[in-house]
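Dear colleague,

I am handing over the structure below for your records. A summary of what was found in it follows.

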Amino acid sequence: LGFNIVGGVDQQYVENDSGIYVSKIKEDGAAALDGRLQEGDKILAINGVKLEERTHKAAVDLFRTAGEDVELRILKKV
């Protein structure tokens, strides 16, 4: 997908927030080419599956099995 994530209930990235965040957009990856996803964005759901209250590994596993066409629900970084 072309990006890295941080966060999860077991690895909070933002204090008192167990959400999953975009930590890095990889050059020439799908996310960079698309241009909508930015570092610091919070990912709320992937393909309709909410990411709240998930461990980091559980979130990574969802991304790994997401398939070719991926729909993300995002809370843009302010």
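To begin with the contacts of the protein chain: of those with a separation of 6 or more, 47% are between residues 24 or more positions apart. Please note that this is a predicted model.

Overall architecture

The protein chain holds two helices and five strands, and their order along the sequence is β-β-α-β-β-α-β. Its radius of gyration is 12 Å, close to the 12 Å that the globule rule gives for 78 residues, so the protein chain is as compact as a globular protein of that length. Along the principal axes, the C-alpha atoms fill a box of roughly 30 × 25 × 15 Å.

Surface and charge

Buried residues make up 33% of the 78 in the protein chain. The exposed area comes to about 5,300 Å², of which carbon and sulfur atoms supply 46%. As for charge, the protein chain has 11 positive and 14 negative charges, and the mean positions of these two sets lie 1 Å apart.

Two loop residues

Two positions were examined individually. The first to be described is D41, which sits in the loop between α1 (30-34) and β3 (42-46). Is D41 buried or exposed? D41 counts as buried because its relative accessibility is 1%, under the cut-off of 20%. Its side chain makes polar contacts with two backbone nitrogens: that of Q38 lies at 2.9 Å, and that of K77 at 3.0 Å. K77 also appears in the list of residues that D41 touches, once residues up to four places away in sequence are set aside. The others in that list are I20, Y21, V22, R36, I74, L75 and K76.

The other position is S18, in the loop between β1 (3-7) and β2 (20-25). S18 has a relative accessibility of 15%. That value is under the 20% cut-off, and S18 therefore counts as buried. Leaving out residues up to four places away in sequence, S18 touches G8, V9, Q12 and E53.

In short, D41 and S18 are each found in a loop, and each counts as buried. For D41, the side chain reaches the backbone nitrogens of Q38 and K77; for S18, the contacts to consult are those with G8, V9, Q12 and E53.

With kind regards

How values were computed:
Residues numbered from 1 in each chain as written. Predicted model: local features only at pLDDT ≥ 70, side-chain atom pairs only at ≥ 80, totals over all residues. Heavy atoms only, no water. Helix = DSSP H or I, 4+ residues; strand = E, 2+ residues; numbered from the N terminus. Buried < 20%, exposed > 50% of the residue type's maximum accessible area, 1.4 Å probe, protein only. Polar contact = N/O pair within 3.5 Å; in protein donor to acceptor, adjacent residues only side chain to side chain. Contact = heavy atoms within 4.5 Å. Rg over C-alpha atoms; globule rule 2.2 N^0.38 Å. Areas by Shrake-Rupley, 256 points an atom, 1.4 Å probe, with all protein chains shown as cover. Lys, Arg positive; Asp, Glu negative; His and termini not counted. Charge placed at Lys NZ, Arg CZ, Asp CG, Glu CD.
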